[in-house]
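This briefing concerns the nonpolar interior, one arginine and the aromatic pairs of a single protein model. Please consult the sequence and structure below.

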Amino acid sequence: MNPRIDEMASEPELLSANQLVEQSVDLPAHARAQLLEVLTWLQTYIAKPNPQLGRKGHVCPFVGPALARFRAIRFHVYQGELHRAAVEPVMRALAARFPTLPPATEVGREFRAILTLFPDLPNDGGPMLIDPVHQALKPEITAQGLMIGQFYPGCLEPGLHNPDYRPLEAPHPMLVIRSMQLTDLMFLFSRPECLLAYVRKFDVSSRDELMARVAAADIPKLPTLWEEVVDAAFRPDGYVD
């Protein structure tokens with residue numbers, strides 16, 4: 001591995017959302033501007049209701065408490081080479097560091113998140129870098145009881161309750177690592193290993209229990225092959241191809 005990549009992956013620097021103005025002073029101007037813009041986006045858009053969602057509540061119900069009550073959101077500014085071999089070790093290092101992050105209280109810990117910005121990646125670069133890294137790392141990140149999400153301008157992933165809504169569209173390219181929540185079940189049906197991570201984290205004991213959770217979640221549409229994914233997650237030996 002490139003020594004520069006190895007060094008960056010070993011101890012990524014984190015900035016606290018509630019101290020972002022002070023802690024970002026020494027960053028390049030364009031990186032600092034993106035950080036502050038994304039923070040404003042979280043406060044004024046993600047932590048607010050939106051009629052396009054197709055459901056009641058805030059775009060993300062966890063962001064408001066994470067920012068205000070628990071101060072559990074942190075930012076990381078990626079400044080390395082813009083290719084998968086360089087980015088993936090850094091994201092792995094962030095995931096490995098995640099369990100050590102405050103707050104210490106059990107409830108507050110569920111609101112933790114790390115938002116990694118890529119200030120040198122063009123805003124149209126999401127499909128070329130953010131999507132491939134997200135897809136490559138999703139199984140191993142979910143296996144740790146975490147979620148990884150891709151956000152960037154023009155992201156076409158449809159909303160769960162309104163297919164014309166684009167919930168992953170953001171001001172700038174980002175990868176987000178956060179705690180896996182009970183409500184994340186709906187996002188894990190595309191791959192057996194990801195669904196199995198949910199089953200293990202929340203001690204789902206049977207296929208019937210899982211399907212009861214699906215019914216309770218009122219998931220409007222599951223992927224075409226969801227039944228095969230569920231069957232693979234509940235194989236007797238727990239093995240996933």
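The points that follow are grouped by topic. The model is predicted: local features need pLDDT of at least 70 and side-chain atom pairs pLDDT 80 or more, while totals for chains, interfaces and linings use all residues. Residues are numbered from 1 along each chain as its sequence is written, and side-chain values use heavy atoms, with hydrogens and water left out.

**Nonpolar core**
- The largest nonpolar core (buried Ala, Val, Leu, Ile, Met, Phe, Trp, Tyr and Cys residues joined through side-chain atoms within 4.5 Å) has 56 residues, of which Ile73, Phe75, Met91 and Leu115 touch the most other members.
- Its largest share, seven residues, comes from α3.
- Ile73 touches residues including Leu15, Val63, Leu67 and Leu115, neighbours up to four places away in sequence not being counted (contact: heavy atoms within 4.5 Å).

**Arginine 112**
- Arg112 is located in the loop between α6 (106–109) and β3 (helices, H or I, of at least four residues and strands, E, of at least two are DSSP runs numbered from the N terminus).
- Arg112 is buried (under 20% relative accessible area, 1.4 Å probe, protein chains only) but has no salt bridge (side-chain nitrogen of Lys or Arg within 4 Å of a carboxyl oxygen of Asp or Glu).
- The nearest side chain of opposite charge to Arg112 is Glu110, 5.4 Å away.

**Aromatic pairs**
- The structure holds six aromatic pairs (ring centres within 6.5 Å; planes under 30 degrees apart are stacked, over 60 edge-to-face, the rest tilted).
- Phe70 and Phe111 are stacked, at 4.7 Å centre to centre and 20° between the planes.
- Phe62, Phe70 and Phe111 form one aromatic cluster.

Terms used. Buried < 20%, exposed > 50% of the residue type's maximum accessible area, 1.4 Å probe, protein only. Lys, Arg positive; Asp, Glu negative; His and termini not counted.
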